[in-house]
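Please look over the structure below. The report that follows describes a few of its residues and helices.

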Amino acid sequence: MTVFVSASELNERIRSGQKQTILAVLWEPVEGKAWSKFQSEHIPTAMFCDPAVTLAGMPGRESGRNPHPTLESLEQFLAEWGIEQGRPVYIYDTGAGVFSARAWWTLRWMGVEDASYTARPGSLPMVEIDQVRDFAGLLIDARDAARYEGRRELLDLKAGHIPGALNLPVGDLLDEQTRQVVGIDTIRDRFAQLGVTQNTAPEDVVVYSGSGNHSALLIAAMAHAGLPVASHYVAGWSQWSGDPTNPVARNL
């Protein structure tokens, strides 16, 4: 299964009249601005996806900033976007890919694979906070080093990371110039440094970030490189840090 594709490949599909669903996953801090941006310019035939509305549930201290959405809302939006059997899905955003990766992970979780779709919620592994508390495997934090180490935190209630977690900033897997994902060998090497190889069991690895976006991109990179698709702690640090009873680790 192809995870990342080139603009030229998608352009050729559109030019030749092939069937596909294209999602423009656009987010802006000002309400309504993402929709305005979509209206002014988007890839032909693309459907609008606001990740804060369609890919996340109600935020809160107990649930996190971008908790996993309800099954009912996902089913509704997939129908509105025209995702169905025989139509491959192409997803893009206007940044480094964290929002489109969140959409990719969510659709894969629902059972969307290339041009096939059978509603199978839970098709990718996801864990909740209680499972993370009891987890004895490899926990990977996908945020940048400053947030992981506890030196800077502008989004969540506390600085630091979940005790025992190792850090692999997803930005390290993006080319500095193009912001595209680096080569497969480089991805495999970085994960091997943490002990993750193609023979690692998926249930032995859990990935998280602040609220499920950067971690989704890290998981997409794993899939792209042929590594096991790790379990996803979607609510992430935003939920963990919201509970005052949870321990916090810092590298200061």
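R179 is partly exposed, with a relative accessible area of 39%; buried means under 20% relative accessible area, exposed over 50%, and partly exposed in between (1.4 Å probe, protein chains only). R179 lies in the loop between β7 (166-167) and α8 (184-192). Helices (H or I, at least four residues) and strands (E, at least two) are DSSP runs, numbered from the N terminus. This is a predicted model in which local features need pLDDT of at least 70, side-chain atom pairs count only at pLDDT 80 or more, and totals for chains, interfaces and linings use all residues. Residues are numbered from 1 along each chain as its sequence is written, and side-chain values use heavy atoms, with hydrogens and water left out.

The table lists residues with a positive phi.

| Residue | Phi | Place |
|---|---|---|
| R179 | about 65° | loop between β7 (166-167) and α8 (184-192) |
| T45 | about 75° | loop between α2 (33-40) and β2 (47-49) |
| G111 | near 110° | follows α5 |

R179 is not a glycine, and neither is T45. T45 counts as exposed, at 54% relative accessibility.

The next topic is helix α5. Its 13 residues should span 18 Å at 1.5 Å a residue, and the end C-alpha atoms are 18 Å apart, which agrees; the expected span is 1.5 Å times one less than the number of residues. Since 12 of the 13 residues of α5 are buried, the helix is largely enclosed by the rest of the structure. Among the buried residues are W104, W105 and W109, as well as R102 and R108.

Helix α4 (residues 71-81) and helix α5 (residues 98-110) have axes that come within 11 Å and cross at roughly 105°. Axes are lines fitted to C-alpha atoms, for helices over the stretch in contact, and angles run from 0 to 180 degrees between N-to-C directions. The two helices, α4 and α5, are therefore roughly perpendicular to each other (65 to 115 degrees). On the α4 side, L71, L74, E75, L78 and W81 meet T106, L107, W109 and M110 of α5, where contact means heavy atoms within 4.5 Å. The residues of this contact divide into 7 nonpolar, 1 polar and 1 charged.

Last comes S238, in helix α10 (residues 236-240). S238 counts as buried, at 6% relative accessibility. Its side chain reaches the backbone oxygen of A235 at 2.8 Å. Leaving aside neighbours within four places in sequence, S238 is in contact with R61, G64, R65, D156, G210 and S211.

Conventions:
Angles under 35 degrees count as roughly parallel, over 145 as roughly antiparallel, 65 to 115 as roughly perpendicular and the rest as oblique. Ala, Val, Leu, Ile, Met, Phe, Trp, Tyr, Cys and Pro count as nonpolar, Asp, Glu, Lys and Arg as charged, and the others, Gly among them, as polar. A polar contact is a pair of N or O atoms within 3.5 Å; within protein, one must be able to donate a hydrogen and the other to accept it, and residues adjacent in sequence count only if both atoms are side-chain atoms.
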